[in-house]
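Please look at the following structure with an eye to the terms used for it. The turns below ask why each term applies.

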Amino acid sequence: MATGTRFLEAYHSVLISFGNSSGIQELQKQTLEFEQTTPKIMISNYLKIAWRNLKRQSFYTTINVAGLAFGLAACIVIVLYIKDELTYDTYNVKADRIYRVDADVKFGGNEFKMSYRSAPEAMALRDEYPEIESTVRFRNAGSYLVKTADGIDNIKENNVIWTDSTFFKIFSVNVLEGNAKTALTEPASIAISKRIADKYFGNSNALGQSMILDNKYNAKVTAVYENIPSASHFHFDILVSMVGDWPVAREAKATSFLSENFTTYLLLKENTNASALEAKLPAFQEKYMGPDLIKAFGNDFTLEKLRASGSRYDLSLTPLRDIHLYSNVRGDFEPNGSITYIYLFGSIAILVLAIACINFMNLSTARSGSRAKEIGVRKVMGSLRTHLIRQFLTESFLVTLSAIGLSVVIVYLFIPWFNSISDKQITIPFGEPSFYFVLLGASLLISFLAGMYPAFFLSGFRPIQALKGKITSGMKSGSIRSTLVVFQFVISIFLIIGTITISRQLDFIQNKNLGFDKEQVIIVHDAYALRPNSVEPFRDEALKLTGIETGTISGYVPVENDWTSRSNTAFWKEGVESNTENMASSQQWRVDDNYLQTFRIKLKEGRNFSPGSPSDSTAIILNETAARRLDLGDDPIGKKIHSFDGNPDPENIITWTVIGIVEDFHFSTMKESISGLAFYLGQNDGSVSFRFNAQNASQVIQSLESIWKKLAPGQPFQYSFLDEDFERMYLSEERLGEIFTIFSGLAIVIACLGLFALTTFTAEQRTKEIGIRKVLGASVSGIVFLLSKDFGKLILIAFVVSIPVAWYSVDWWLSSYTYKTEIGFGVYLLAGVLAFLVAWITMGYQSIKAASSNPINALRSE
């Protein structure tokens, strides 16, 4: 075969030397026939020539491989992240039939969505609608102190939930020990995860063992189940039965449809139309909630009248697989993801990869002049256009394949760090054959997309023009190449603006006047472990320590947390009817007389609580928003307001006396407006908070722990700092900012790699021109400007194009915040200047190098 190939080539040369055009045509025909009969040789030839070309142009090959590798690495990481997010809750075999009951509420000046439902609602739904196969309820009562029956020290467990015995029927959680059908049917029974079984019982059999919850509930282990997968919207380690006479079990038997502390899930029968069922829920509300609402608000009350007044209370069904990405409601078990971030990161992956592909296309077309004679000779030697297209696509495939191999190495090194900032457990699926098929498919697709334009473009040269070198100048001013450079920097500037915006918003949140002082406050959790008589002694002993200024006993702190549940109460002022039009919904916190001082919440009017005053048992302090919504006028002090004591019932009404008004302060995220808040005197021993002024925080912690161990031996000492708890509310924004910074920096680096290579090539092509200009007296700065100005214009165009796109995106993202920073034109200008400076430095280095070269060598090289 090799001999035949050499014969055709030699015969071809003879024909050319004698100008035998008919012979050339005949040889082209024979070449085509030869190719068709020896495909393996042709493929081998394509690979061999491609490798030689890439090796000969090692600088540009390195730029292409590096750019594509980093772009592909970013793409792979984001695809793995998106795959992880999209697979949440799919481990449930019946996932497509499981729905959570949610409520959309607008009432008393507040507007929110929640998953809290009443205790009897699940049973009523199942009885009312035959399309519901089963239901399960959850009651989240916070963390618990846990130990074995013969244990001494408690361990705090956060993932504890009260639930019905139907849990294992609805969710696909495999029971390893025990019977799934009967596991939670007995009073005082619990099911535990394998993680908990190993933690407390080691190699011993956990089934039938006893565990003590909060030092008072003796529970029997009736089942051990597999650890719930990481891609789940809940991760319960201990399931407590709601059968029996324990407080939560008694609450589960309540009959009021207006006391909402449970979360309800429905398992629909197969082929049930969930939308049709959801459309029946308003009638369900009228039938079951209506009597309780009429009892509370009067005989003429209906949900229709509530909606007509501008308020609403609408039930909806949320598909199980939508909870993680689409749910952001009060009552979510864990912080969820966001479909917005899926779209955002997916777009970033595509854009970064596009930048890398553009580098390949730009460099291929820019080097077309240097390959023109090669193309001309190959065409004269009998190569058809299809041969050349295959050759260039082969080169593209080799570059892409090399880049994918390098990208996998980069991902392997980078992914542990990405997991740490995204709080994920993503791994590269080396054991899945589909992973390699995807990589191969990506190699073919990207090599085709990136190499398609250069292949068709270069293979279209006419051989006579190519051999005469008449196409070089045309390639220097290619409008397509300029458009691609503009597109690269539009993306880069857009990502820089996004990074600056997120950083500005986080700075705004951190530095905004919150209405309280979050600095130097330590919160000691689970103060109920000090019961029955050591909560106040702990606070009093701690106040004797040097550096401790004040202390307060209350589980309610001015940041969102997972250790104290918040609920809204309807208030109305004295002298008006208790109807929905006159009510204002406010949170109600039980605090002591040191609360305002400890958190430095400013009292605007009136006085603080006085524990020694009997009248303060019905005293209340409101924030400005609550006072305004209740229409208490300019002098609210001393006025009476009412609220229900527990369930809405005219027989359960409390009358409060307003003794003070505090300035509004932020006790939720900046995404929410400040809502109404009411303080009343009492003790909630969820935590004890101390304000300290000591420089050595570790000394304060050690001293508090010493007092704790003396008063509560065997109980875990848990603490946090208020400022850190505040920052944890914005972890998702911080993670987004870090990821945005990484990928915007990566986009700039990849774009500048291409720009550096283009500048280098331009300088090489203009070596003779630079030499002549220097001989004629041109300065180094003048030549640098000459080489850089064209690219500078393109970056300026990219800046102008990127502004409207970035402005729309920034406005859309900030719209989710009620309190937000102002993003002026200066931010956009800063992003443009940064992109221009980085690009100019990239171009300037090579331009200065070319301009500083000896003109004699430049002219001699030509």
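Contact means heavy atoms within 4.5 Å; axes are lines fitted to C-alpha atoms, for helices over the stretch in contact, and angles run from 0 to 180 degrees between N-to-C directions. Helices (H or I, at least four residues) and strands (E, at least two) are DSSP runs, numbered from the N terminus. This is a predicted model, in which local features need pLDDT of at least 70 and side-chain atom pairs count only at pLDDT 80 or more, while totals for chains, interfaces and linings use all residues. Residues are numbered from 1 along each chain as its sequence is written, and side-chain values use heavy atoms, with hydrogens and water left out.

Q: How is helix α24 placed on β15, β16, β24 and β25?
A: Helix α24, residues 697-711, lies across these four strands and runs at about 30 degrees to β15. The strands form an open sheet in the order β16-β24-β15-β25, with antiparallel pairing.

Q: What makes β16 and β25 the edge strands?
A: Each of them, β16 (548-553) and β25 (719-721), pairs on one side only. Neighbouring strands of this sheet are turned by 20 degrees against each other on average, direction ignored. Helix α21 (residues 535-543) also packs on the sheet, touching β15, β16 and β24, and its direction makes about 170 degrees with that of β16.

Q: Why are β15 and β24 said to pair?
A: Two strands pair if DSSP finds at least two bridges between them, and β15 (residues 521-525) and β24 (residues 687-692) have 5 bridges in the antiparallel sense, so the criterion is met. In one of these bridges, Val521 has Arg691 of β24 as its partner.

Q: Why does Ser687 of strand β24 count as buried or exposed?
A: Buried means under 20% relative accessible area, exposed over 50%, and partly exposed in between (1.4 Å probe, protein chains only). Ser687 has 0% relative accessibility and is therefore buried.

Q: What makes the approach of the Ser687 side chain to the backbone oxygen of Ser554 a polar contact?
A: A polar contact is a pair of N or O atoms within 3.5 Å; within protein, one must be able to donate a hydrogen and the other to accept it, and residues adjacent in sequence count only if both atoms are side-chain atoms. The side chain of Ser687 reaches the backbone oxygen of Ser554 at 2.9 Å, which satisfies the distance limit.

Q: How do you know that Thr163 is buried, and what does Thr163 touch?
A: Thr163, found in strand β7 (residues 160-163), has a relative accessible area of 0% and therefore counts as buried. A polar atom of its side chain lies 2.9 Å from the backbone oxygen of Arg137. Residues touched by Thr163, not counting those up to four places away in sequence, include Val136, Phe138, Leu184 and Met242.

Q: Why is strand β20 called mostly covered?
A: Strand β20 (residues 619-623) has 5 of its 5 residues buried, with Ala619, Ile621 and Asn623 on one side and Ile620 and Leu622 on the other. Strand β20 pairs in the parallel sense with β22 (residues 653-662) over 5 bridges, and in the antiparallel sense with β23 (residues 676-681) over 3 bridges. The bridge partner of Ile621 in β22 is Gly660, while that of Leu622 in β23 is Ala678.

Q: Why are helices α5 and α10 called oblique to each other?
A: Angles under 35 degrees count as roughly parallel, over 145 as roughly antiparallel, 65 to 115 as roughly perpendicular and the rest as oblique. Helix α5 (residues 121-128) and helix α10 (residues 281-288) pack at an angle of about 120 degrees, with their axes 12 Å apart, and they are therefore oblique. The contact is made by Glu121, Ala124, Leu125 and Glu128 of α5 and Leu281, Phe284, Lys287 and Tyr288 of α10.

Q: Why are α4 and α16 also described as oblique?
A: The axes of α4 (residues 58-86) and α16 (residues 385-422) cross at roughly 50 degrees and come within 7 Å, and the two helices are therefore oblique to each other.

Q: Why do Asp214 and Asn215 receive the burial terms that they do?
A: Asp214, in the loop between β10 (210-213) and β11 (217-225), has a relative accessible area of 16% and is therefore buried, whereas Asn215, in the loop between β10 and β11, is partly exposed because its value is 36%.
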